[in-house]
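Let's take a friendly walk through this model, from one helix to the packed interior and on to the ligand.

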Amino acid sequence: MNDFLPTAIDAARAAGALLRENFGSPLDVNALEAHDIKLELDVRSQELITKMILDRFPDHAIYGEEGIAGDQSSAFHWIVDPIDGTVNYFYSIPHFCVSIALREKDEIILGVIYDPMRDELWQTEKNQPTLLNGQPCAVSTRTQLSEATLSVGFSKTQATIDDGLVLFGKYVRRARKLRMMGSAALDMAFVASGRLDAYIEQMVSLWDIAAGKILVENAGGRVEIRERSDAKNKLSITASSGRIDLNLNSET
Ligand code: LIP
């Protein structure tokens with residue numbers, strides 16, 4: 001046994017407590033973009049997570065939304081989103097989380113997502129089940145698109161918004177409901193625990209989805225990730241139960 005998972009859980013809970021304590025307070029803004037916001041609290045949250053991880057594993061590396069730290073030549077890279085759903089957080093919308101994954105060489109071996117507002121923690125590690133607050137969880141068993149609730153993210157560029165609108169327009173008439181909730185990681189945690197049947201977004205970063213990938217797969221679901229040719233280090237993702245045909249071309 002190793003201390004990787006307990007460390008990830010401790011760090012996610014500590015960062016979640018920081019976010020909960022500051023929720024609704026005046027916030028220092030590091031960057032305001034048309035469809036995105038960066039907060040000083042993002043940086044503080046990642047600094048807290050980084051300290052807790054590197055204090056226990058000083059030879060490891062951190063790869064996070066707010067920068068890198070540690071020994072980047074290490075086989076162990078902790079992939080961190082210190083606030084996933086930063087825009088929601090800034091607008092006092094209580095739908096955001098902390099996402100921490102651990103990659104050993106090229107394989108994600110651990111994932112933790114923590115929602116501090118609902119006190120919900122999803123965890124898993126290689127060859128283990130996905131747990132929600134300590135209880136096993138699984139992807140949904142629905143098989144018909146007409147029964148499904150899907151989440152489509154629009155990211156932050158005009159191109160990805162246009163792509164998202166096309167997908168939204170196609171699925172909204174066929175699925176039971178569509179949602180756009182502003183946190184890729186929570187969307188993936190919701191797929192892993194059967195609340196959503198799929199989550200689709202055309203441009204995310206590794207830190208948005210690394211923990212969610214292993215959570216969904218260990219809960220019985222399917223994750224397809226494609227590198228974008230038009231944006232460095234950006235990915236398109238479809239995470240689903242694997243039980244619903246999302247290929248609209250097959251629709252009658
Ligand atoms: C966010 C993602 C969301 C995406 C946003 C942003 P952040 O991550 O969770 O799915 O649509 O553009 O990338 O920036 O809040 O960590």
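What should the 17 residues of helix H2 span, and how far apart are its end C-alpha atoms? This is a predicted model, and here the two values agree: at 1.5 Å a residue, H2 (residues 40-56) should span 24 Å, and its end C-alpha atoms are 25 Å apart. The buried residues of H2 are Leu41, Asp42, Ser45, Gln46, Ile49, Thr50, Ile53 and Leu54.

Next, the interior. The largest nonpolar core has 32 residues, and those touching the most other members are Ile113, Trp122, Met188, Tyr199, Val204, Ile209 and Ile237. Two or more residues each come from strands E6 (97-104), E7 (107-115), E13 (198-204) and E15 (235-240), and from helices H5 (184-192) and H6 (206-218). Helix H5 gives the most, with 8 residues. Because domain 1 (4-126) and domain 2 (145-240) both give residues to this core, it lies between them.

Val204 is a good residue to click on. Leaving aside neighbours within four places in sequence, Val204 is in contact with Ala184, Tyr199, Ile209, Asn233, Lys234, Leu235 and Ile237. Apart from the largest core lies another core, of 31 residues, including Ile37, Ile49, Ile100 and Leu121.

Now to the ligand, which is surrounded by 13 residues; the closest are Asp84, Gly85, Thr86, Ala184 and Glu201. The table lists polar contacts to oxygen atoms of the ligand.

| Residue | Atom of the residue | Distance to a ligand oxygen atom |
|---|---|---|
| Glu65 | polar side-chain atom | 2.9 Å |
| Ala184 | polar backbone atom | 2.8 Å |
| Asp208 | N or O atom in the side chain | 3.2 Å |

Conventions
Residues numbered from 1 in each chain as written. Predicted model: local features only at pLDDT ≥ 70, side-chain atom pairs only at ≥ 80, totals over all residues. Heavy atoms only, no water. Helix = DSSP H or I, 4+ residues; strand = E, 2+ residues; numbered from the N terminus. Expected span 1.5 Å × (residues − 1). Buried < 20%, exposed > 50% of the residue type's maximum accessible area, 1.4 Å probe, protein only. Core = buried A, V, L, I, M, F, W, Y, C linked by side-chain atoms within 4.5 Å. Domains from an automatic or database assignment. Contact = heavy atoms within 4.5 Å. Near = heavy atom within 4 Å. Polar contact = N/O pair within 3.5 Å; in protein donor to acceptor, adjacent residues only side chain to side chain.
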